[in-house]
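User: I have a model open and want the reasoning behind its labels. Can you take me through it?

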Amino acid sequence: MIIELLSTKQVIIRIAAIIASAEFLIMLVLRIVPFEMNAIAEAVLDVMLLATLSTPAVYLWVIKPFVNARDDALGQISHLAFTDALTQLANRRHVLKHLERVLASSVRHKIFGALLVIDLDGFKRVNDDFGHDAGDAVLVEIATRFRSSIRTEDVAGRMGGDEFVVMVDHLDVDEPQAKDKSLRIAEKLINLANRPFDFNGHVLHVGASIGICLLGSERLDAVEALNKADMAMYRAKKSGKGCAVLYDKSWE
Ligand SMILES: Nc1nc2c(ncn2[C@@H]2O[C@H](COP(=O)(O)OP(=O)(O)OP(=O)(O)O)[C@@H](O)[C@H]2O)c(=O)[nH]1
């Protein structure tokens, strides 16, 4: 989105045009209408009419476009600060912020949520064989597939490189059920990553290894939850890739 800000020159020209037109109108009316007024009364009336006529015009033609452009710019800055530029998913900062919210809500409502850390398998080969643009296209397509497969209240993010996360709120009140549901979500994401990608007529393949940290069973902060999900993801990589592993307290 391109934001059109009024330049200083435009602001001055617009205000001058408004005042000149209003003043011309007032002078015309004062000359036509046969009022008998002394110079001071005429000057006072002139100033009052000028202020009354020009204020709404200055607001509509100068201040309102400026305020709208400022609001658009602030919206865009906030979007850029919390969005991954390549995939348009939540970036690391947004993920940490949202994860804190999901963690607090899981504990408060005693409903389990889940954090899934997804690392692509064999992604480097795509870059090496078909170039960085092909790798970028795969990342963008993965993001599209993940985004369209999760519920609107869940959030997908990219932590950097070929690592993604999905944060799922309100899975289940029952821990075994929540674990089961999170594993089923992971399976769906793995299947989405396994589907071939088309890049300029080439068929590309990657996979995904997923680590899951169930949220709500203990008080964690976002970084701790990410570390646990990461730990589980490395176990998934070690056990042959293309699978999901749930973090287990007994590992500590
Ligand atoms: N195209 C592209 N490549 C990136 C980007 N960020 C990181 N990479 C590359 O992604 C690769 C990630 O490395 P790895 O995770 O070891 O690759 P992998 O083949 O998936 O390895 P495994 O996870 O062991 O399967 C590196 O080659 C990085 O240079 C990016 O924004 N675009």
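Analyst: Start with the burial rule: a residue is buried if 20 or more other C-beta atoms lie within 10 Å of its own. The model is predicted.

User: Which residues of α7 are called buried?

Analyst: Ala 225, Leu 226, Lys 228, Ala 229, Ala 232, Met 233 and Ala 236 are the buried residues of α7. Each therefore has 20 or more other C-beta atoms within 10 Å of its own.

User: Why are they said to line one face of the helix?

Analyst: Down the axis of α7, the buried residues fall within an arc of 165 degrees, so they line one face. The face turned away from that buried side carries exposed Val 223 and Lys 238.

User: What do the buried residues of α7 pack against?

Analyst: They pack against α3, β1, β6 and β7. The contact cut-off is 7 Å between C-beta atoms.

User: How do you know how the span of α7 compares with the expected one?

Analyst: The rule is 1.5 Å times one less than the number of residues. Helix α7 has 17 residues and reaches 24 Å from first C-alpha to last, close to the 24 Å expected.

User: Which residues are closest to the ligand?

Analyst: Asp 121, Phe 123, Lys 124, Gly 135 and Gly 161 are the closest of the 16 that surround the ligand. β1, α4 and α5 each give two or more residues to this shell.

User: What makes up the shell by class?

Analyst: The shell has 4 nonpolar, 5 polar and 7 charged residues. Gly counts as polar and Lys as charged.

Definitions and conventions: Residues numbered from 1 in each chain as written. Predicted model: local features only at pLDDT ≥ 70, side-chain atom pairs only at ≥ 80, totals over all residues. Helix = DSSP H or I, 4+ residues; strand = E, 2+ residues; numbered from the N terminus. Buried ≥ 20, exposed ≤ 12 C-beta atoms within 10 Å, placed from the backbone. Arc of directions from axis to C-beta. Contact = placed C-beta atoms within 7 Å. Near = placed C-beta within 6 Å.
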